[in-house]
Amino acid sequence: MSSSRKSTDGPDAKAGKKKAGKKKTWFTPRKIITTFFATIIFIGLCVFGGFLVIIFNGQRLLEQYKSEDKLTMAEASILYDSSEKEMTKLFVENRELVSYNDIPKLLVNAVKATEDKRFDEHNGLDYWGIGRAIYKDILHRSAVEGASTITQQTAKNMFLSADKTFFRKGTEASIAVAMESQLSKEQIMEMYLNRIFFGNRAYGVKAAAKRYFGKTLDQLSLAEIATLAGIPKAPSVYNPIASMDKSKERRAVVLKLMQEQGYITEEERKAASDEEIKVIKETTNRNYQTITDMVTDEAEKVAGITEDDLNRKGYKVYTTMDSKVQSLLEQTFANPKFFQADGPSQKMQGSMTILDNKDGGIVAAIGGRDYQPKGFNRVTSGYRQPGSSFKPLVAYAPAMEKDLTKWNPLSMLSDEQKSFNGYSPRNYDGVYTGKISMETAIMKSINVPAVWTLNEIGLKTGIDFVTNMGIPLEKEDNNLAIALGGLSKGVTTLQMAKAYSAFANQGQMYEPYLVRKIIDASGTVVYQHKTEKPKQVMSPTTAWYMTNMLQKVVQSGTGTGAKLDRPAAGKTGTTQMTLKGLEKYNKDVWFTGYTPEWTAAVWMGFDTTDSKHYVTMGSGGATAIFKEVVGKGLAGRKVVQFEKPKNVPEVKEEPVVEPTITDLKAAYNKNKRTVELTWTSAEASPMFRVYRKSFKEEKFTMLLETAAVNVFDMKVEAGNEYIYYVTPYQPDGDKEGQQSNIAEVQVEVDNGGKQVSDPNKAMEGDKLNNEDNKNNGSDNKKQGNGSSSDTNGNGKNNQNGNGNGNGNGNGNNGNGKNNDKQSGGSTSGTTGTGAPGANTGSKTNTGTSTGTGTGTSTGTNTGTNTGTNTGTGTSKPSTGTTGTTSGTGSSSTGSTGNSDISSSSIDSR
């Protein structure tokens with residue numbers, strides 16, 4: 001058994017076992033080394049072959065492009081208006097060639113340090129740069145890194161497109177290598193500096209030096225050289241006209257690179273960094289310049305077409321602009337009659353944007369009165385506080401949207417002077433009526449109701465509403481001051497027009513746009529605007545009621561200057577100066593309004609407001625521009641009405657006494673040293689409350705309640721100015737109506753500046769007692785009949801004498817009516833201890849009367865130039881009578897009060 005097992009495990013069997021159990025090894029050290037070197041050789045051959053292809057292809061392309069003279073192949077792009085009528089062209093027009101020897105060495109070094117620090121060393125390709133670009137492309141899984149060397153940039157700008165594809169980069173590299181083999185470094189640098197784009201239609205460094213600084217190249221300072229060298233990276237961002245701050249930041253980077261690479265010293269870098277450069281303004285008058293710049297910006301944003309491409313590659317760009325309206329807008333802004341006089345160092349500026357309500361297309365826009373190409377565009381970048389024009393957006397519309405049954409045009413809002421957690425808003429005229437309807441508060445632009453409403457609905461409700469309408473607010477705006485447009489950053493006319501367009505569109509809002517279509521030189525449509533579904537930012541009902549209220553603003557409120565011969569709605573707004581002594585003037589004036597067709601926003605003011613540059617005009621300036629441009633722009637078109645949405649619920653009116661007084665007048669009588677107030681009223685025998693404040697006072701105070709329609713204010717100070725208003729008042733129910741128009745009057749200085757009027761008298765017209773004219777009959781307006789107890793004596797009709805029957809006591813004021821505002825002869829009636837009796841006539845009655853009883857006086861005075869008054873007196877137990885006299889009177893006319901007192905407003909209307 002043992003021998004048998006032994007034979008089985010013989011040598012052959014053992015060898016078979018070893019062979020069957022052995023595993024095959026594929027990766028041996030020898031094979032790995034062999035494969036590695038084979039791969040290196042293969043890659044080397046590929047690179048060498050590719051390099052030969054690049055050189056051959058680059059040489060061929062360079063010769064082809066040189067024969068085609070690519071520098072002269074630029075083609076103008078054409079811009080068309082909304083009717084597809086050509087409006088302007090974009091083309092290369094500002095290029096001046098310069099030889100290398102005329103370029104400052106410092107400028108060449110600045111460009112090298114910034115764009116290509118190994119320019120003098122490489123052969124057209126910076127391999128470190130290529131490696132970096134490939135790495136970033138792989139990292140981002142797309143072509144994000146562009147050309148690196150100056151030679152490559154020259155090749156791209158002269159012969160190729162700006163597409164960041166590997167094929168384009170390969171072609172660019174081949175041309176760059178070919179250029180390096182045929183051209184010197186100086187020639188390449190010269191081509192680069194003559195070809196590169198510097199923004200503001202300046203091509204080449206020579207044209208750029210003249211455009212920005214008005215200098216030749218040899219006149220440039222180090223700071224100006226660094227500024228120019230920093231522009232090509234992003235011409236629309238880093239040029240000093242578009243943004244001086246960003247230009248300075250970029251200049252600092254260039255100077256630092258120059259210092260690090262040994263081109264300048266640290267002292268030179270610091271001095272150039274601190275230098276304040278001066279940029280010149282372009283004086284060329286360009287039509288449609290704001291629109292042209294907005295087109296170039298939008299084309300790059302929506303279609304990726306750069307401004308440089310638009311200036312060179314023959315595109316056809318179709319816009320939404322109405323050339324008729326745009327021309328009208330530019331003419332209006334060029335007309336000085338619509339603006340106040342320029343300040344010492346600034347011109348009053350303005351901005352206006354008009355949108356088409358049907359789709360959000362920009363009908364017309366202007367970025368300033370002296371708008372510079374690619375300069376500061378106030379349409380898109382001019383953020384200003386909107387004042388009261390913000391009230392509908394942040395307070396009233398969101399309130400109605402929240403609960404229409406509680407908040408609607410007829411809802412009564414609080415109008416009481418109060419503090420809201422430390423914030424104490426004031427009405428511009430110092431008047432507080434207690435309660436006021438929403439539509440009246442908007443129509444008159446009353447401040448407190450707007451703040452109260454926002455406080456009631458909650459700040460978050462208002463902020464969320466305006467944010468949804470495309471007006472994002474800052475963290476600092478989380479306060480009730482936003483109800484009056486007190487924003488930390490502000491808004492632009494484009495934002496305001498966009499937001500208000502939702503009122504005209506039954507709560508729907510479109511995104512504004514300008515470019516409709518772009519066609520390239522071959523006829524291919526490369527971009528087509530697609531109008532997205534509008535955003536529903538509020539209900540149709542809210543939009544409808546807001547439109548109703550804003551129509552009343554234009555019809556009879558603060559916006560009457562914008563009234564057209566067709567339906568129009570809108571809201572005024574101003575922001576007040578805060579500098580001491582200038583509080584009655586404004587920083588900004590606004591009007592944002594709309595018709596069924598268009599929505600427009602107008603802003604006026606100074607870019608920098610200070611003690612020498614502020615707005616003295618009210619919002620009437622903005623309404624006048626709206627009327628001029630929109631009114632004439634729509635002239636000849638069919639008049640259409642605002643469309644009422646379906647199923648709009650009716651709102652219930654809350655009882656309120658509405659205003660009935662619109663003709664309040666105030667006149668100063670120099671002889672009497674009193675202010676006479678007169679008015680008429682459509683109401684049947686109401687009572688009235690008379691309010692007054694001087695320009696030295698912050699708010700109005702009530703002078704008296706009366707049933708008369710004229711009163712005399714004797715409590716006036718010489719040299720002061722006073723403002724009055726009257727309200728109808730119903731004692732039954734204690735209901736006070738809305739205030740009348742405002743009447744203003746200046747009290748003259750008399751008798752060497754001494755005040756001679758009684759500072760404690762404000763009297764009804766039929767109670768005026770002329771104590772300064774006892775011996776003549778002129779200037780007496782009213783007198784009455786008096787009865788008293790225990791009177792003594794009868795008046796006698798003598799030529800001279802004193803006929804003043806005055807008593808002390810508690811009497812009732814008499815009532816009287818005055819027609820034709822005359823003064824005439826008078827007689828003295830006897831009075832008890834009541835109100836003063838009649839005034840002195842030209843033939844006065846001599847006598848005295850005393851008493852301790854209670855007296856009343858009534859009287860009627862009617863006539864033209866001649867007045868007759870009769871006085872009778874009764875007493876207990878005796879009776880006294882007075883004579884009757886007549887005399888020639890003199891008529892007087894009161895001056896019309898000025899209802900526009902926006903100069904003293906807390907927040908403009």
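User: Hi! How many salt bridges turn up in the whole structure?

Analyst: A search of the whole structure finds 25 salt bridges. Keep in mind that this is a predicted model.

User: Nice. What does D342 form a salt bridge with?

Analyst: Its partner is R369, and the closest N and O atoms are 3.8 Å apart. D342 sits in the loop between α16 (323–334) and β4 (349–356), while R369 sits in the loop between β5 (362–366) and α17 (378–381), so the pair ties together parts that are 27 residues apart in sequence.

User: Is R369 buried or exposed there?

Analyst: R369 counts as buried, at 18% relative accessibility. D342 is partly exposed, with a relative accessible area of 45%.

User: And D607, which residue does it form a salt bridge with?

Analyst: That would be R378, with 2.6 Å between the closest N and O atoms. D607 lies in the loop between β14 (598–605) and α24 (620–633), and R378 belongs to helix α17, so this salt bridge ties together parts that are 229 residues apart in sequence.

User: How do D607 and R378 compare, buried or exposed?

Analyst: D607 is partly exposed at 35% relative accessibility, whereas R378 is buried at 8%.

User: What about K644, what does its side chain meet?

Analyst: The side chain of K644 meets that of E650 in a salt bridge, 3.6 Å from N to O. K644 is partly exposed, with a relative accessible area of 41%, and E650 counts as exposed at 65%. Elsewhere, D565, R566 and E597 are joined into one network by salt bridges that share partners.

User: Switching to strands now. Which strand does β20 pair with over eight bridges?

Analyst: With β17 (residues 687–694), in the antiparallel sense. To find your way around, look for R689, which stands opposite T727 in β20.

User: What other strands are joined to β20?

Analyst: Strand β22 (residues 743–746) runs antiparallel to β20 and is joined to it by four bridges; there, E721 has Q746 as its bridge partner. Strand β21 (residues 735–736) is also antiparallel to β20, with two bridges, and Q730 is partnered with K735.

User: How many residues of β20 are buried?

Analyst: Eight of its ten residues, which run from 721 to 730, so the strand is mostly covered.

User: Last one, a helix. How many residues of α4 are buried?

Analyst: Nine of the eleven residues in α4 (residues 105–115) are buried. Among them are L107, V108, N109 and A110, and charged-letter spotters can look for K112 and E115, which are buried too.

How values were computed
Residues are numbered from 1 along each chain as its sequence is written. This is a predicted model: local features need pLDDT of at least 70, side-chain atom pairs count only at pLDDT 80 or more; totals for chains, interfaces and linings use all residues. Side-chain values use heavy atoms; hydrogens and water are left out. Buried means under 20% relative accessible area, exposed over 50%, partly exposed in between (1.4 Å probe, protein chains only). Two strands pair if DSSP finds at least two bridges between them. A salt bridge is a side-chain nitrogen of Lys or Arg within 4 Å of a carboxyl oxygen of Asp or Glu.
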